[in-house]
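Okay, thanks for coming, everyone. I'd like to walk you through one structure today, so let me put it up on the screen.

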2 protein chains.
Amino acid sequence: MTDLTQNCFRALADPTRRDIIQLLAGTEMTIAEVSSHFDMTRAAVKKHLSVLSDGGLIEVQARGREKVNRLNRHGMAPVLSWLEYFDSFWDDRLAALKTAIEKDKS
Amino acid sequence: MTDLTQNCFRALADPTRRDIIQLLAGTEMTIAEVSSHFDMTRAAVKKHLSVLSDGGLIEVQARGREKVNRLNRHGMAPVLSWLEYFDSFWDDRLAALKTAIEKDKS
DNA sequence: CAAACGTGATACCTTTTGGTTTCACGTTAA
DNA sequence: TTAACGTGAAACCAAAAGGTATCACGTTTG
């Protein structure tokens, strides 16, 4: 497992991947379903999904011969955590945010 | 001016650039000063600073023959804004955060 | 079982990115 | 006015990123 924070930032850096995240925020989808929303091959979308998975932003679950991609609501934590570290301006508010995340992890 | 949100995410995707941001969170610096903290040429650091500038994360000000690089505390706004849009889970807390940013822009 | 389906993985290509070296240009100091 | 200084910018290079096409493999369905 390489640097999760780096993988998370990297995953968010591509507009297609951010679009995928927004898609999955609505419903979980198979690769084929996700692919149908983009003008590129399934293989390309699969690569994006792998990067998102490396960044901890989605979770993949096998269901028969399909793989369902689900958004990980805690995946943004590394980004928020870094923002908090870097800029004391946000500290109070982001601290509250992080606390909320931890609590929700039940 | 291309997509600021994209440029902002892209700027944050590189670990060296995140390090630079953390450096500049302490003090403003000339290019030469920033470069002295990294094991790479001044030209390479200059490129990183350009990317950070494109992302709206730093501001550059001429001072004599030097250029001073200063952190833009509001530069993260596009990222926070996107996080807010994508995930209703954060809405309440991030809305408060955004309000705080706008107020501070005075 | 055989065929169709959904996926994973590889090889390959093009563009972008992160880095270097080098040189030109304005600014300051002697 | 030179000479040194700090920077900007270009040419160039290797590696990574984003994409394609293709094939192999397990899982359903007739």
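Before I point at anything, one term: when I say buried, I mean under 20% relative accessible area, counted with the protein chains only. And keep in mind that this is a predicted model.

Let's begin with helix α4 of chain B. Which residues of α4(B) are buried? They're B:Val45, B:His48, B:Leu49, B:Val51 and B:Leu52. If you look down the axis of α4(B), those buried residues fall within an arc of 160°, so they line one face of the helix. For anyone who wants the background, an α-helix has 3.6 residues a turn, so residues three or four places apart point the same way. The length works out too: at 1.5 Å a residue, the 13 residues of α4(B) should span 18 Å, and the end C-alpha atoms are indeed 18 Å apart.

While we're on burial, have a look at B:Leu80 over in helix α5 of chain B, residues 77-86. B:Leu80 is buried as well, because its relative accessible area is 2%. In sequence B:Leu80 sits 75 residues from B:Thr5, yet their C-alpha atoms are 10.0 Å apart in space.

Now, on to the DNA. How many residues surround DNA strand C? The count is 19, and the closest are A:Ile31, B:Thr41, B:Lys47, B:His48 and B:Gly64. Sorted by type, that surface has 5 nonpolar, 4 polar and 10 charged residues. Which elements do they come from? In chain A, α3 (31-35), α4 (42-54) and β3 (66-71) each supply at least two residues, and so does α4 (42-54) of chain B. The largest share is from α4(B), with 4 residues.

What part of the strand does the protein meet? Of the atoms of DNA strand C within 4 Å of the protein, 64% belong to sugar or phosphate, and the rest belong to bases. You can see both kinds in individual contacts. On the phosphate side, an N or O atom in the side chain of A:Lys67 is 2.8 Å from a phosphate oxygen of DNA strand C. B:His48, which we met in the buried list, has a polar side-chain atom 2.2 Å from a phosphate oxygen. On the base side, A:Arg42 puts a polar side-chain atom 3.1 Å from a base oxygen.

Last topic: salt bridges. Side chains of opposite charge can pair when their charged atoms come close. Searching the whole structure turns up 4 salt bridges over all chains. One of them joins A:Arg63 and A:Glu28, at 3.6 Å from N to O. That pair links distant parts of the chain, with A:Arg63 in strand β2 and A:Glu28 in the loop between α2 and β1, 35 residues apart. A:Glu28 counts as partly exposed because its relative accessibility is 30%. A:Arg70 comes in here too, since A:Glu28, A:Arg63 and A:Arg70 are linked in a network of salt bridges.

Over in chain B, B:Arg63 bridges to B:Glu28, with the closest N and O atoms 3.6 Å apart. B:Glu28 also pairs with B:Arg70, this time with the closest N and O atoms 3.0 Å apart. B:Glu28 is in the loop between α2 and β1 and B:Arg70 is in strand β3, so the pair ties together parts that are 42 residues apart in sequence. B:Arg70 counts as partly exposed, at 27% relative accessibility.

That's my tour, thanks for listening.

Conventions. Residues are numbered from 1 along each chain as its sequence is written. Chains are lettered from A and ligands numbered from 1 in the order in which they are written. This is a predicted model: local features need pLDDT of at least 70, side-chain atom pairs count only at pLDDT 80 or more; totals for chains, interfaces and linings use all residues. Side-chain values use heavy atoms; hydrogens and water are left out. A residue is near a molecule or strand if one of its heavy atoms lies within 4 Å of it. A polar contact is a pair of N or O atoms within 3.5 Å; within protein, one must be able to donate a hydrogen and the other to accept it, and residues adjacent in sequence count only if both atoms are side-chain atoms. Ala, Val, Leu, Ile, Met, Phe, Trp, Tyr, Cys and Pro count as nonpolar, Asp, Glu, Lys and Arg as charged, and the others, Gly among them, as polar. Buried means under 20% relative accessible area, exposed over 50%, partly exposed in between (1.4 Å probe, protein chains only). A salt bridge is a side-chain nitrogen of Lys or Arg within 4 Å of a carboxyl oxygen of Asp or Glu. The expected span of a helix is 1.5 Å times one less than its number of residues. The arc is that of the directions from the helix axis to the C-beta atoms.
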